[in-house]
Amino acid sequence: MAKVIGTVEINEERCKGCDLCVVACPTEVLSLQPKEVNNRGYHFAYALNPDSCIGCASCALVCPDGCIEVWRMVEK
């Protein structure tokens with residue numbers, strides 16, 4: 001059976017840290033940066049557990065600013 005591997009790319013400078021993507025992720029891949037802020041002063045989202053991504057794109061769908069891209073690859 002083929003395994004789906006996902007990759008999340010976040011535009012950290014555009015992210016306003018609304019936390020919607022973190023809540024929407026079923027595999028707890030994303031988190032908000034606890035100490036660093038972007039150039040707008042927000043704690044931005046980042047991939048805490050990137051190897052757990054299944055490529056469902058739930059995070060990208062709920063992002064109000066379109067900061068997230070999800071790539072999906074099927075490993076045979």
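The following exchange examines how several descriptions of this predicted model are justified.

Reader: Why is Asn38 called buried?

Author: The relative accessible area of Asn38 is 6%. Buried means under 20%, so Asn38 is classed as buried. Asn38 is placed in the loop between β2 (30–32) and β3 (45–47).

Reader: What makes the approach of the Asn38 side chain to the backbone oxygen of Glu12 a polar contact?

Author: A polar atom of the Asn38 side chain lies 2.9 Å from the backbone oxygen of Glu12. The limit for such a pair of N or O atoms is 3.5 Å, and the value of 2.9 Å therefore satisfies the distance criterion. The Asn38 side chain also reaches the backbone nitrogen of Arg40, at 3.1 Å. Setting aside residues up to four places away in sequence, Asn38 touches Glu12, Glu13, Cys15 and Phe44.

Reader: How do you know that Lys16 and Asp65 form a salt bridge?

Author: Their closest N and O atoms are 3.8 Å apart. A salt bridge requires a side-chain nitrogen of Lys or Arg within 4 Å of a carboxyl oxygen of Asp or Glu, so the pair qualifies. The structure holds 1 salt bridge.

Reader: What makes this pair a link between distant parts of the chain?

Author: Lys16 belongs to the loop between β1 (3–10) and α1 (20–24), whereas Asp65 belongs to the loop between α2 and β4 (68–75); the two are 49 residues apart.

Reader: Why are Lys16 and Asp65 both described as partly exposed?

Author: Lys16 has a relative accessible area of 33%, and Asp65 has 27%. Partly exposed covers the range between the buried limit of 20% and the exposed limit of 50%, so both residues receive that description.

Reader: Why is Glu28 called exposed, while Asp19 is called partly exposed?

Author: Glu28 has a relative accessible area of 59%, and exposed means over 50%. Asp19 has 30%, which means that Asp19 falls between the limits of 20% and 50%. Glu28 is located in the loop between α1 and β2, and Asp19 in the loop between β1 and α1.

Reader: What is noted about the phi angles of Asp19 and Glu28?

Author: Phi of Asp19 is near 80°, a positive value in a residue other than glycine. Glu28 is not a glycine either, yet has a positive phi of about 55°.

Reader: What makes the Trp71 and Glu9 side chains a polar contact?

Author: The contact between these side chains is 3.2 Å. The limit is 3.5 Å, so the distance criterion is met. Trp71 is in strand β4 and is partly exposed, with a relative accessible area of 46%. The C-alpha atoms of Trp71 and Val8 are separated by 6.5 Å, although these residues are 63 residues apart along the chain.

Reader: What makes Val62 eligible for the nonpolar surface patch?

Author: Val62 has a relative accessible area of 35%. A patch residue must have over 30% and no salt bridge, so Val62 meets the area requirement. Val62 is found in helix α2 (residues 58–62). Together with Leu20 and Leu61, Val62 makes a patch of about 290 Å².

Reader: Which residues have the most contacts inside the largest nonpolar core?

Author: That core has 14 residues, and those with the most contacts inside it are Val8, Ile10, Cys21, Leu30 and Ile68. Beyond four places in sequence, Leu30 is in contact with residues including Val8, Ile10, Cys21, Tyr46 and Cys59.

Notes
Residues numbered from 1 in each chain as written. Predicted model: local features only at pLDDT ≥ 70, side-chain atom pairs only at ≥ 80, totals over all residues. Heavy atoms only, no water. Patch = residues over 30% accessible without salt bridge, like charges linked within 9 Å, V, L, I, M, F, W, Y side chains within 5 Å. Areas by Shrake-Rupley, 256 points an atom, 1.4 Å probe, with all protein chains shown as cover. Helix = DSSP H or I, 4+ residues; strand = E, 2+ residues; numbered from the N terminus. Buried < 20%, exposed > 50% of the residue type's maximum accessible area, 1.4 Å probe, protein only. Polar contact = N/O pair within 3.5 Å; in protein donor to acceptor, adjacent residues only side chain to side chain. Contact = heavy atoms within 4.5 Å. Core = buried A, V, L, I, M, F, W, Y, C linked by side-chain atoms within 4.5 Å.
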